[in-house]
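Work through these short exercises with the structure open beside you. Try each task before reading its solution.

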Amino acid sequence: MREVKLSSKYQIVIAREVRDALGVKAGDRLLVVPRGNAVILLRKPKNYAKAISGLGKDIYESNYLDKERQSWS
């Protein structure tokens with residue numbers, strides 16, 4: 001865990017290992033998500049559709065849609 005100092009301009013420096021882990025470089029955009037006493041930094045996706053593609057693929061069983069359609073009749 002790294003400690004950072006907040007400058008008088010309310011800026012922080014992100015440590016190299018954190019930048020490497022996120023895969024970010026100068027000029028990249030980050031999303032800052034406050035969660036209670038914590039802050040989550042995420043790399044902003046260039047394409048949101050690609051970023052969320054496949055997230056729900058294992059939520060439903062393979063024949064869920066067929067069962068749902070049968071229940072309509």
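The exercises below cover salt bridges, a strand pair and a surface patch in a predicted model.

**Exercise 1. Salt bridges across the chain**

Task: Find how many salt bridges the whole structure holds, and work out which parts of the chain the pair Glu17 and Arg2 links.

Solution:
- Step 1. Search the whole structure. The count is 3 salt bridges.
- Step 2. Take Glu17 and Arg2. Their side chains meet in a salt bridge, at 2.6 Å from N to O.
- Step 3. Place both residues. Glu17 sits in helix 1 (residues 16–22), and Arg2 sits in the segment before helix 1. They are 15 residues apart, and the pair links distant parts of the chain.
- Step 4. Classify the partners. Glu17 has 41% relative accessibility, so Glu17 is partly exposed. Arg2 reaches 54%, so Arg2 is exposed. The cut-off for exposed is over 50%.

**Exercise 2. Two further pairs**

Task: State which residue forms a salt bridge with Asp28, and which one meets Glu61. Then decide whether Lys25 is exposed or buried.

Solution:
- Step 1. Asp28 pairs with Lys25. The closest N and O atoms are 3.6 Å apart. A salt bridge needs the two atoms within 4 Å, so the pair qualifies.
- Step 2. Check exposure. Lys25 has a relative accessible area of 57%, so Lys25 is exposed. Asp28, at 28%, is partly exposed.
- Step 3. Turn to Glu61. The side chain of Glu61 meets that of Lys67 in a salt bridge, 2.8 Å from N to O.
- Step 4. Classify again. Glu61 is partly exposed at 48%. Lys67 is partly exposed too, at 46%.

**Exercise 3. The strand pair**

Task: Describe how strand 1 and strand 2 run, and name the bridge partner of Leu30.

Solution:
- Step 1. Locate the strands. Strand 1 covers residues 30–35 and strand 2 covers residues 38–43.
- Step 2. Read the pairing. The strands run antiparallel and are joined by 6 bridges.
- Step 3. Follow Leu30 across. The bridge partner of Leu30 in strand 2 is Arg43.
- Step 4. Look at the turn. The two strands form a hairpin with 2 residues between them. Gly36, in the turn, has a positive phi of about 65 degrees.

**Exercise 4. A nonpolar patch**

Task: Identify which residues make the nonpolar surface patch, and say where Leu6 lies.

Solution:
- Step 1. List the members: Val4, Leu6, Tyr10 and Ile12.
- Step 2. Note the area. The patch is about 450 Å².
- Step 3. Place Leu6. Leu6 lies in the segment before helix 1.
- Step 4. Check its exposure. Leu6 has 48% relative accessibility, so Leu6 counts as partly exposed.

Definitions and conventions
Residues numbered from 1 in each chain as written. Predicted model: local features only at pLDDT ≥ 70, side-chain atom pairs only at ≥ 80, totals over all residues. Heavy atoms only, no water. Helix = DSSP H or I, 4+ residues; strand = E, 2+ residues; numbered from the N terminus. Buried < 20%, exposed > 50% of the residue type's maximum accessible area, 1.4 Å probe, protein only. Pairing = 2+ DSSP bridges. Patch = residues over 30% accessible without salt bridge, like charges linked within 9 Å, V, L, I, M, F, W, Y side chains within 5 Å. Areas by Shrake-Rupley, 256 points an atom, 1.4 Å probe, with all protein chains shown as cover.
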